[in-house]
Amino acid sequence: MIKLLDKPLKAFIIYSFVVLLCSIPVYFLMVDWIWVHEVKAHNQIVAESTKKHLIDLRMDDRQVGESVALWNKLQPDTKLQQVPSIRPDSTYDIYRKNKYIPIKGYDRFQGLVTYFAINGKPYSLTIESNLEESYETIAGITAITIGFFIILLLGFIKLNKRISARLWRPFYQTLEKIKAFDLNMQHQISFEPSGIIEFDEMNTSISNLVASNVAVYRHQKEFVENAAHELQTPLAIVQSKLDVLFQNQEITNEQAILIEKIQNGLSRVSRINKNLLLLAKIENQQFLEKEQIDIGEALDEVHSLLSDFEEEATLHLEVGAKVVVDANKMLVETMLTNLLMNAIRHSAHPAEIRISLFNNCLTVTNPGTAGLNSEKLFKRFSSVSKLTPGSGLGLSIVREICVRYHWNVSYVYLNQLHTFTVDFGSLSVNS
Amino acid sequence: MKILIIEDEVELASSMVTYLSSQHYLCELATDYPQALEKISNYQYDCILLDLMLPGGNGMSILKLLKAQNKEDGVIIISAKNSLEDKVSGLQIGADDYLAKPFHLPELAARIYSILRRKNFTNSNVIAQNELKIDVLSKSVTVNGIAVMLTKKELDLLLFFVGNRNRVISKSALAEHISGDLADMLDNHDFIYAHIKNLKKKLLEAGCGNYLKTLYGNGYKWEV
């Protein structure tokens, strides 16, 4: 995966590299042509002025002979000599080994051979000018081009960084907010105007999307809470009628058993309803009061409450270092009770249940015959055992409480033991 | 003993009236807010059962009114909301107890009994029944003057039975009373047997009459 802005950057870099690469021969040809052109013109000027001055001197043949010899001695880059006939001017481009400083290797020369007549005798004048060697020109241009390419590259990267930091800041801010958004928290997302049409449009769309989601979610949760509330009264009516019916002197044994069965079913409905209500309330951000709770002490309390079930299960409680959390007392008690009751309910009796509190982790272990589906386990109404049907909400409530306080609850099945672990994390105070 | 039931759900109210009347309580019924206001300002009650959600007004303001008038009536809030805030604020304003719907009628009766005892016998709250004496304040039980050692739960059960004398109480009502929400989580209420068996044994051994009867195999009755 690459960042959005790195994509055009890559393209820009490749494009500028190609352009600069192509520019090397172009620059070379241009520079070389200018060189040659200028040196040719220079040779021409020198030749013309030399010819003119020589003719203007009006020397006789002997003087000419001496002057030519002297000239050739003093001016090594030119050559004046008598020739059989006058021909048209010619130029040449030649590499010659440096005679005086051999270390310099080959030198490049641009030459001009021109013909003229002194006192009617034909002479040739050769003028040579030292010229920059082609490979040196190419090397120079390449070096400069590479230098510029590096400057461009650094510039692109730097600019890209600055642009992405500035231009894309609203985008990243939005992204951060969306990442931090939790539907459960029921907070609306608010974006600051970025001044950029696209971003503002995106933010508005996201805000609308979130707002409608939050509203739908809230309605759903309120519906659950209201439905559970509304059910309480009819349940109370049925319950009270059963209690009244039970007082009837004339009921038979069979009828009494029937009433008890109805009673049990009704208890279950009430229980589901109560738990549903509790779950909805936790989700609806109720139970906000917090206090410092010593988990070890809370465990002791729940343990003593559960003493009625000693025949069914033996609870072994091991508490290490003190774990203190800042949470709602009722919720913590509910969580502990649900975890322990869950272990008692789903064990073959008599069961050995181990509860330990070490390293900020609470583990509850009970024997079992087969592992449970840990993905479905914490979901509502995913009652995994048909033998001991519960409300199907106990573990959902545990998870919901853990979610609220950012504790981590997990389940593993190992060595025929169900193990539930609540990790209180580093948020809890250790002393 | 006069009890005012403020409850808009007529069927629920009528069950309460039936159950409580058989306990020799005199019950009156108010099904909406104005009716409730009229009754509490005109008459004196020993105990008021107050539903918080009433047509025409909030039960909480009735409670405030009662307390503002310095009425001595005991008040039990009966609410479908089962919300902690309501419970806390209700008790703070001056309600004596809070009961969430749905509830067992024996539970209601036991709580009314307890409040009436507390109101009428502030200094020496001793329930006496023939040879049996229960001192509610010091939580001690004597049979013919000899102390009987009961566990907290056994005492709890005994008071529950006495508060529902001559009524048939189902096992689930007992389980819920003893274990509260924990009973909710168990389909098996057998643990109640053990407590009742122990209570019965201790009382009989101390020479107490056999008042606690088992009916239909799964109901209990404190017969006097």
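**Group meeting: a predicted model of chains A and B**

I start at the interface, where the side chains of E11(B) and K241(A) meet in a salt bridge, 2.9 Å from N to O. By salt bridge I mean a side-chain nitrogen of Lys or Arg within 4 Å of a carboxyl oxygen of Asp or Glu.

Two remarks on conventions. This is a predicted model, in which local features need pLDDT of at least 70 and side-chain atom pairs count only at pLDDT 80 or more, while totals for chains, interfaces and linings use all residues. Residues are numbered from 1 along each chain as its sequence is written, chains are lettered from A and ligands numbered from 1 in the order in which they are written, and side-chain values use heavy atoms, with hydrogens and water left out.

Back to the interface. How many salt bridges does the rule find across the interface of chain B and chain A? The rule finds 1. The contact takes 43 residues from chain A and 41 residues from chain B, where contact means heavy atoms within 4.5 Å. The size of an interface is often given as the accessible area lost when the parts come together. Here the area buried between the two chains is about 3700 Å², and carbon and sulfur atoms give 54% of that. Buried area is the accessible area (1.4 Å probe) that two parts lose on being put together, summed over both.

Now the chains in turn. Chain A has 9 helices and 12 strands. Helices (H or I, at least four residues) and strands (E, at least two) are DSSP runs, numbered from the N terminus. Of the 431 residues of chain A, 40% are buried; buried means under 20% relative accessible area, exposed over 50%, and partly exposed in between (1.4 Å probe, protein chains only). Among contacts in chain A with a separation of 6 or more, 70% are between residues 24 or more positions apart. Chain A exposes about 25400 Å², with 62% supplied by carbon and sulfur atoms. Accessible areas come from the Shrake-Rupley method with a 1.4 Å probe, and for residues only the protein chains shown count as cover.

Chain B has 9 helices and 14 strands. Its 224 residues include 52% that are buried. For chain B, 58% of the contacts between residues at least 6 apart in sequence join residues at least 24 apart. The area chain B exposes is about 9300 Å², of which carbon and sulfur atoms supply 52%.

Next, helix α1 of chain A, residues 6–56, which includes W35(A). That tryptophan is partly exposed at 33% relative accessible area. Together with M30(A), V31(A), W33(A) and I34(A), W35(A) forms a nonpolar surface patch of about 480 Å² accessible area. Patches are made of residues with over 30% relative accessible area and no salt bridge; like charges are joined within 9 Å, nonpolar side chains (Val, Leu, Ile, Met, Phe, Trp, Tyr) within 5 Å.

T145(A) sits in helix α3, residues 134–167 of chain A. Is T145(A) buried or exposed? T145(A) is buried, at 8% relative accessibility. Apart from neighbours within four places in sequence, T145(A) contacts L20(A), S23(A) and I24(A).

On to salt bridges within the chains; over all chains the structure holds 22. One of them pairs K329(A) with E301(A), the closest N and O atoms being 3.9 Å apart. K329(A) lies in helix α8 (residues 329–345) and E301(A) in helix α7 (residues 295–305), so the pair ties together parts of chain A that are 28 residues apart in sequence. In chain B, K101(B) and E7(B) meet in another, at 3.3 Å from N to O. This pair links the loop between β7 and α5 to the loop between β1 (2–6) and α1 (10–21), 94 residues apart. Both partners are buried.

K101(B) also takes part in a backbone feature. Most residues other than glycine have a negative phi, and most peptide bonds are trans. The bond from K101(B) to P102(B) is cis, with omega near -5°. P102(B) is in the loop between β7 (97–100) and α5 (105–120) of chain B.

Two residues other than glycine have a positive phi to report. R58(A), at about 50°, lies in the loop between α1 and α2 (61–74) of chain A and is exposed at 73% relative accessibility. K139(B), near 55°, lies in the loop between β9 (132–135) and β10 (140–143) of chain B and is exposed at 61%.
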